[in-house]
Amino acid sequence: MPAPNEALLISGRKQRGADALPFKIVTGHGVFVAPIISKATRLTLAMQEAEVAEDCYTQQGLTLSVEAIIAFKVGDDHESIAAAARRFQGDQGQMPTLVGRIFSGHLRSIIGSMTVESIIREQQTLADAIVDASKPEMARIGLAVDSLQISSIDDKGVGYIKALAAPHQARVNQEAKVAQAAADRQSAMAQQESIRHQAEYARQTAIAKAEYQAEIDQAQQTAAQSGPLAAARAAQDVIKERALVAQKNAELREAELIAEVIRPAEAEAERIRALARAEADATKMSAEAAAAQGRIALDQAIIDKLPDMLRAAAEGLQGANVTVLDGAEGLNSVVASLAAQGMTMLETLRKGLHPEPGTAITPIGPKSAA
């Protein structure tokens with residue numbers, strides 16, 4: 001398979017057609033070559049260079065030594081490859097030599113029709129003219145010119161080119177001196193301006209430093225004053241915190257005292273009061289029970305005496321003249337009256353034996369019947 005910058009020439013097979021080449025050209029892909037029957041050779045399609053160095057006569061009859069470099073290659077089409085293969089297949093190193101000879105002839109011919117001034121000023125025009133003149137010959141041998149560059153032109157020490165350049169050189173030198181003077185002037189002005197700028201910058205820097213120093217001094221004074229103030233504030237804060245802590249401790253101690261002393265004392269007092277109330281209630285109940293028992297005993301004694309008292313009352317009525325009206329009803333009334341007097345006497349005895357404060361005691365005796 002040929003390389004991208006190569007053409008493969010296969011010979012040995014008989015090609016068909018009247019215009020058939022004695023070899024087959026293969027580019028860009030591989031091909032099978034039968035051994036013994038066919039033979040394959042390679043033709044380079046890479047870019048090559050040829051150098052030209054010729055002494056040429058100008059239109060004015062002056063001799064110029066001209067050097068040029070030509071870049072060329074085999075054409076990419078099959079016709080160019082075939083033409084180059086016929087001429088250079090056996091010795092491809094002959095390409096630069098033949099190209100140099102072709103361009104030497106055209107170089108001498110074209111320079112002979114030009115003046116030194118036009119050659120110096122119009123080198124690209126000279127190169128284009130040489131390439132255009134050489135294209136037909138190069139195409140016949142299958143080569144294509146890529147570029148031609150004239151590398152040097154010398155008048156072989158005659159001084160003509162230098163003389164041509166003298167006025168321009170003098171003008172260039174004068175312009176260079178003027179430019180240098182202007183540059184020096186501008187440099188001096190720039191230097192003076194730089195000095196002024198530096199002085200102004202130094203002044204502004206000094207002012208800025210003074211302002212900065214004043215700010216620093218003020219800040220330092222403020223810091224020196226703020227230190228004691230901050231310490232005092234910190235001390236006040238510490239005192240406040242300690243007061244809060246003391247208050248919290250007092251509240252805690254108060255709570256502890258309440259829990260440890262007051263609450264137990266209150267509980268003990270309440271217990272004592274409850275016991276006292278209980279004892280008082282028990283004493284009261286005992287007294288009431290004793291009083292009740294005394295009253296019951298007294299009442300029982302009075303009740304025991306009541307028949308005697310009623311009997312005495314009845315005996316008192318034995319000699320009295322009593323008129324009973326309404327028969328049995330009247331008698332019942334008398335009996336009821338006697339019973340009522342007995343109950344009254346009983347109640348009077350009770351009050352006499354258990355008088356209320358401020359109550360006068362009335363003596364009990366028999367009443368006469370009316």
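**Notes on helix 4, its surroundings and the salt bridges**

1. Just after helix 4, Gly142 adopts a positive phi of about 80°. The model discussed here is a predicted one, and the points below should be read with that in mind.

2. The length of helix 4 can be checked against its residue count: the helix runs over residues 123-140, and at 1.5 Å a residue its 18 residues should span 26 Å, which agrees with the 27 Å that separates its end C-alpha atoms. The helix nevertheless has a kink of about 40° at Ser134, and this kink lies shortly before the proline Pro136.

3. The buried residues of helix 4 are Leu126, Ala127, Ile130, Val131, Ser134 and Met138, so that Ser134 appears both in this buried set and as the site of the kink. What covers these buried residues includes two helices, helix 2 (94-111) and helix 3 (116-121), together with strand 5 (63-74) and strand 6 (143-154).

4. Helix 4 also carries a salt bridge, in which the side chains of Asp132 and Lys135 meet at 4.0 Å, N to O. Because the two residues are three apart in helix 4, Asp132 and Lys135 are separated by about one helical turn. Asp132 has a relative accessible area of 49% and is therefore partly exposed, and Lys135, with a relative accessible area of 47%, is likewise partly exposed.

5. Thr58 deserves a separate look, since it lies in the loop between strand 4 (48-57) and strand 5. Is this loop residue buried or exposed? At 6% relative accessibility, and with the limit for burial set at under 20%, Thr58 counts as buried. Leaving aside its neighbours within four places in sequence, Thr58 is in contact with Leu64, Ile111, Gly112, Met114, Val116 and Ile119.

6. Across the whole structure, a search finds 12 salt bridges. One of the pairs is formed by the side chains of Arg108 and Glu54, at 2.8 Å, N to O. This pair links distant parts of the chain, with Arg108 in helix 2 and Glu54 in strand 4, 54 residues apart. Arg108 is partly exposed, its relative accessible area being 40%.

7. In helix 5 (residues 160-316), Glu266 forms a salt bridge with Arg263, and the closest N and O atoms are 3.3 Å apart. Both Glu266 and Arg263 lie in helix 5, where they are three residues apart, about one turn of the helix. Glu266 counts as partly exposed at 42% relative accessibility, and Arg263, with a relative accessible area of 46%, is also partly exposed. A further set of charged residues, Arg253, Glu256 and Glu260, is linked in a network of salt bridges. As a general remark, side chains of opposite charge can pair when their charged atoms come close.

8. The surface also has a nonpolar patch, formed by Leu257, Val261 and Ile262, which together have about 220 Å² of accessible area. Leu257 lies in helix 5, and at 34% relative accessibility this leucine counts as partly exposed, because the partly exposed class covers the values between under 20% and over 50%.

Conventions:
Residues are numbered from 1 along each chain as its sequence is written. This is a predicted model: local features need pLDDT of at least 70, side-chain atom pairs count only at pLDDT 80 or more; totals for chains, interfaces and linings use all residues. Side-chain values use heavy atoms; hydrogens and water are left out. Helices (H or I, at least four residues) and strands (E, at least two) are DSSP runs, numbered from the N terminus. The expected span of a helix is 1.5 Å times one less than its number of residues. The bend at a residue is the angle between axes fitted to the seven residues ending there and the seven starting there. Buried means under 20% relative accessible area, exposed over 50%, partly exposed in between (1.4 Å probe, protein chains only). Contact means heavy atoms within 4.5 Å. Patches are made of residues with over 30% relative accessible area and no salt bridge: like charges are joined within 9 Å, nonpolar side chains (Val, Leu, Ile, Met, Phe, Trp, Tyr) within 5 Å. Accessible areas come from the Shrake-Rupley method with a 1.4 Å probe; for residues, only the protein chains shown count as cover.
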